[in-house]
Amino acid sequence: MKEFDYIIKGAGCAGLSLAYEFNKYKKLENKTLAIIEPREGYERDKTWSFWKTIDHNFNDCVIKNWSNFTINTPGKTLHLNCDETPYQTINSGIFYEKIISNLKLNSNIHFFENIDGINTEKSLIFNSVPNKGDFNNKLWQHFFGIEIETSKSFFDDKIFNLMDFDCDQRDSVHFFYTLPFAKNKALIETTWLSNLNNKNLQDYENQVKEYLELKLKIKDYKITFKEKGAIPLFKQTRIINNEINIGTVGGMTRLSTGYTFLNIQEHSKYIRENLDLIKNKKAFNIGKKYHFLDEIFIRVLENNPNLMPDIFYKMFKVQTKKVINFLSNKSSLLEDLSIIMKMPKLIFIKALFK
Ligand SMILES: Cc1cc2nc3c(=O)[nH]c(=O)nc-3n(C[C@H](O)[C@H](O)[C@H](O)COP(=O)(O)OP(=O)(O)OC[C@H]3O[C@@H](n4cnc5c(N)ncnc54)[C@H](O)[C@@H]3O)c2cc1C
């Protein structure tokens, strides 16, 4: 049986970010690491975006930064500025390539398709393998998007559209998300916040096609990439002796928004800085107050889907910097309060006591 000092189960965003952090800060010069990942190869499968509220290791994987964005509800548009914390997009294909080629240079790092033949008893294990189970009746952010190229200039590539709620809601919460990478190139996604039981919401290709052709009036385009995903908006953590959970299963997803990428980066840094004592250290979390506030928010969303476009719109009417800090788990109590004050109080108080 082979033995390793560290084992990372699952080499997606969190597993690879952690391995890269270890390698970058020379934590693997006298230690061995096994990475367990069943994928046969890596290609672009996700587009990770976030407001850059902290520094991270992947500036060279960023394909676009924006300082301006909009939010729409029927008949209303908010124009917002975020130049202090630009919104960044990372192409996962570039991210995977950067990390894998870096890790392969270190002979103390070994890749395996499964854990058979490895003695795990003495290793420190970091686990990012998604939980299996029938979670369809829970709340998910599920989405489908296409990246298109148009023959003529069409988009304003200086402004992205975070949420366009001016669309069919089907008694659920639905918006379109548009990231214009160039004047003739953009990612357009249809996004739902709902459980996954309702298959009627999942005619995604049709939704995007209609949005493009009827709303944006784009008929002549070429599809260059497709992205489909579902992010759990419920706690995923599981407890296995001797394992530290990372990534989505490690509670790094913000339940109200699905944002995870930067939380994964902060968690990797925390583990690397405390590696020798990590078992005795307080488990890293994204902030108890955010779990508490997000759970109330989710209850409001589940009981009042029809109010959500207006609630999101009102939230962004608070000073943009405060909202971004709140959504990126970097807000002060005063900033939290200014957002809470803008919410419909009775509905949130009811949800608090449910
Ligand atoms: C399409 C998509 C777009 C997203 N966009 C954003 C975004 O814009 N911004 C943001 O902040 N977050 C975003 N997220 C959320 C989050 O950042 C990602 O889901 C991120 O990939 C989570 O990282 P992870 O390591 O927890 O999971 P993953 O990246 O899914 O990694 C888990 C790994 O475990 C592997 N695995 C599975 N079974 C086993 C097994 N039995 N043994 C070993 N390995 C196994 C998988 O192959 C995979 O590589 C997005 C999610 C999706 C799905």
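Let's start with a pair of helices: the axes of α7 (residues 320-327) and α8 (residues 333-340) come within 9 Å and cross at roughly 105 degrees. That angle makes α7 roughly perpendicular to α8. Please keep in mind that this is a predicted model. The domain assignment splits the protein chain into domain 1 (2-62 + 91-131 + 236-280), domain 2 (140-232) and domain 3 (300-352). A ligand is also present, and 27 residues surround it.

**The α7 and α8 pair**

- On the α7 side, the residues that meet α8 are Lys322, Val323, Asn325 and Phe326.
- Their counterparts in α8 are Glu335, Asp336, Ser338 and Ile339.
- Sorted by class, the residues of this contact divide into 3 nonpolar, 2 polar and 3 charged.

**Domains 2 and 3**

- Taken over C-alpha atoms, the centres of domain 2 and domain 3 are separated by 24 Å.
- The two domains do touch: 7 residues of domain 2 are in contact with 6 residues of domain 3.
- On the side of domain 2 that touches domain 3, the residues comprise 4 nonpolar, 2 polar and 1 charged.

**Around the ligand**

- The closest residues to the ligand are Gly10, Gly12, Ala14, Gly229 and Gly247.
- In the shell of residues around the ligand, 12 are nonpolar, 10 are polar and 5 are charged.
- Both domain 1 and domain 2 take part, as the shell draws at least three residues from each of them.
- As for individual elements, helix α1 (13-24) and the strands β4 and β16 (221-232) each supply at least two residues of this shell.

**The parallel sheet of 5 strands**

- One open sheet has 5 strands in the order β9-β3-β2-β11-β17, with parallel pairing.
- Its edges are β9 (109-112) and β17 (243-245); each has a single partner strand, so one side of each is left without a neighbour in the sheet.
- From one strand to the next, the twist averages 20 degrees.
- Looking at one pair in this sheet, strand β3 (residues 33-36) is joined to β9 over 4 bridges in the parallel sense.
- Within that pairing, Ile36 has Phe112 of β9 as its bridge partner.
- Helix α1, which also contributes to the ligand shell, lies across β2 (6-9), β3, β9 and β11 (124-127).
- The direction of α1 is at about 160 degrees to that of β3.

**The antiparallel sheet of 3 strands**

- Another open sheet has 3 strands in the order β4-β8-β5, and here the pairing is antiparallel.
- The edge strands are β4 (47-51) and β5 (62-66), each of which pairs on one side only.
- Neighbouring strands in this sheet are turned by 15 degrees against each other on average, direction ignored.
- Strands β4 and β8 (residues 87-91) run antiparallel and are joined by 5 bridges.
- If you want a spot to find on the screen, look for Trp51, which stands opposite Tyr87 in β8.
- Helix α2 (residues 92-103) lies across β4 and β8, and runs at about 65 degrees to β8.
- Strand β4 thus appears in two settings: it is an edge strand of this sheet, and it supplies at least two residues of the shell around the ligand.

Technical notes: Residues are numbered from 1 along each chain as its sequence is written. This is a predicted model: local features need pLDDT of at least 70, side-chain atom pairs count only at pLDDT 80 or more; totals for chains, interfaces and linings use all residues. Two strands pair if DSSP finds at least two bridges between them. Axes are lines fitted to C-alpha atoms, for helices over the stretch in contact, and angles run from 0 to 180 degrees between N-to-C directions. Domain bounds come from an automatic or database domain assignment. Ala, Val, Leu, Ile, Met, Phe, Trp, Tyr, Cys and Pro count as nonpolar, Asp, Glu, Lys and Arg as charged, and the others, Gly among them, as polar. A residue is near a molecule or strand if its C-beta atom, placed from the backbone, lies within 6 Å of it. Angles under 35 degrees count as roughly parallel, over 145 as roughly antiparallel, 65 to 115 as roughly perpendicular and the rest as oblique.
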